[in-house]
Amino acid sequence: MGETNQITETYGRTVYQLAGHGKRNFAVLMEAFQAVDDSFEGDRYGTGKVIEDFQDKMAKLTGKEAAVFFPSGTMAQQIALRIWCDEKRLKKVAYHPLSHLEIHEQDGLKELHGIHPVLLADKDRVIELEDITGMEEEVACVLLELPQREIGGQLPSFETLVKISEYCRDKGIRLHLDGARLLEILPYYEKTAAEVCVLFDSVYISVYKGIGGITGAVLAGTEEFMAESKVWKRRHGGDLFSLYPYIVTADYYYEQRAGKMGEYYEAAKELAELFNAGEGVSTVPETPVSNMFHLYFSKSKEQMIAILAEVHEETGVGVVHYLNEVDDQTSSYEMTLGDLYSAIPKERVTQAIQLLNEKMQRAK
């Protein structure tokens with residue numbers, strides 16, 4: 001714990017940080033609410049202008065008939081899969097072995113809904129068409145996560161998505177998009193959100209990840225699907241008395257950042273190239289396909305905490321604020337680029353990575 005605190009503390013003292021939009025504190029809420037006029041009225045149990053206007057905006061964004069705001073993506077996605085399973089009277093869905101539903105939700109899909117997963121593809125690669133056409137079990141729905149977060153934010157080709165969509169529709173299999181980071185992948189695909197979402201029967205988007213709101217999620221689909229999702233939202237306890245603090249911040253930061261995803265993507269490619277040119281540092285993927293990539297260091301977590309703490313102190317540039325232990329000789333970090341990167345003078349970024357490279361070489 002002391003080692004972890006060391007890197008967190010030195011990161012907190014830096015003048016610049018490579019990743020993210022900045023501290024997630026009260027200022028995030030205050031900035032958004034300063035843009036709200038005196039006539040503003042909050043929502044009440046999922047109804048009211050503030051929530052309905054935002055839901056309409058998200059429906060238009062995705063090209064779907066309707067959208068519903070949920071307190072969490074976990075709730076939204078479990079409900080989406082439950083609806084598709086009930087439709088087919090089949091409690092099986094297919095997704096990646098490292099899907100959020102499989103590794104971060106305490107078996108919620110199984111325990112709450114009795115739905116069982118069919119795991120597709122090897123855990124270190126994205127799902128391809130052959131993984132779906134080769135399924136030996138019948139499923140009600142296939143879930144695709146774009147990008148696949150746990151393997152560095154990798155993506156299948158858009159052509160592959162089209163083929164998967166066509167196959168699923170031909171076979172009567174529903175296709176759901178875990179698009180928590182949907183906006184972030186659009187620059188790589190060179191598509192609009194609606195052009196991606198038309199391939200899917202239902203779509204989930206996070207409003208706090210790349211957008212940077214407080215919390216919450218949007219689920220989009222047909223009018224009939226969304227009406228049923230509202231029933232399940234009530235059953236899950238998701239109809240809170242008021243959700244407007246989350247919606248106001250989601251809408252505000254959506255308007256601030258949706259148009260910057262291309263900038264964040266270019267920054268990620270630039271930064272990944274700098275890291276890959278150094279000693280004992282690599283990225284997955286080597287060339288990012290969104291504003292996210294995973295950093296891998298060829299040193300133990302203990303060694304890297306000491307090295308990175310020194311880089312923070314000597315350059316004033318925060319490289320990472322935590323480290324994951326991969327094994328005894330490797331550690332990693334998930335890098336996501338946002339507003340902060342563009343505020344750093346280029347020479348300071350170069351200085352920090354050069355110093356990191358020098359320290360890695362000396363630590364052999």
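These are my notes on the two largest pockets of this structure, which is a predicted model.

**Entry 1: the largest pocket**

I began with the space inside and found about 940 Å³ in the largest pocket. Next I looked up its lining, which is made of 37 residues. Closest to the centre I noted A19, G20, H21, G22 and R24.

Which elements supply at least two residues each to this lining? I wrote down three helices and a strand: helix 1 (2-12), helix 2 (26-33), helix 12 (244-257) and strand 13 (330-336). Strand 13 gives the most, with 4 residues.

I then sorted the lining by class. I have 13 nonpolar and 13 polar residues on my list, along with 11 charged ones.

**Entry 2: the second largest pocket**

I moved on to the second largest pocket, where I read a volume of about 350 Å³. I found 16 residues around this pocket, and F40, V50, D53, V248 and D251 lie nearest its centre. Helix 3 (49-62) and helix 12 are the elements that give two or more residues to its lining.

Which element has the largest share here? I found that helix 3 does, with 5 residues.

By class, I listed 9 nonpolar residues, 6 charged ones and 1 polar one in this lining.

**Entry 3: a helix to look at again**

I met helix 12 in both entries. Helix 12 supplies at least two residues to the lining of the largest pocket, and helix 12 also gives two or more to the lining of the second largest pocket. If you are new to this structure, you can find helix 12 at 244-257.

Conventions:
Residues are numbered from 1 along each chain as its sequence is written. This is a predicted model: local features need pLDDT of at least 70, side-chain atom pairs count only at pLDDT 80 or more; totals for chains, interfaces and linings use all residues. Side-chain values use heavy atoms; hydrogens and water are left out. On a 1 Å grid over the protein atoms alone, a cavity is a set of points where a 1.4 Å probe fits but cannot get out, and a pocket is an open set with protein on both sides within 12 Å along at least five of seven lines; lining residues have an atom within 4 Å of a point. Grid points are joined across faces, edges and corners, and a volume is the space filled by probe spheres set on the points. Ala, Val, Leu, Ile, Met, Phe, Trp, Tyr, Cys and Pro count as nonpolar, Asp, Glu, Lys and Arg as charged, and the others, Gly among them, as polar.
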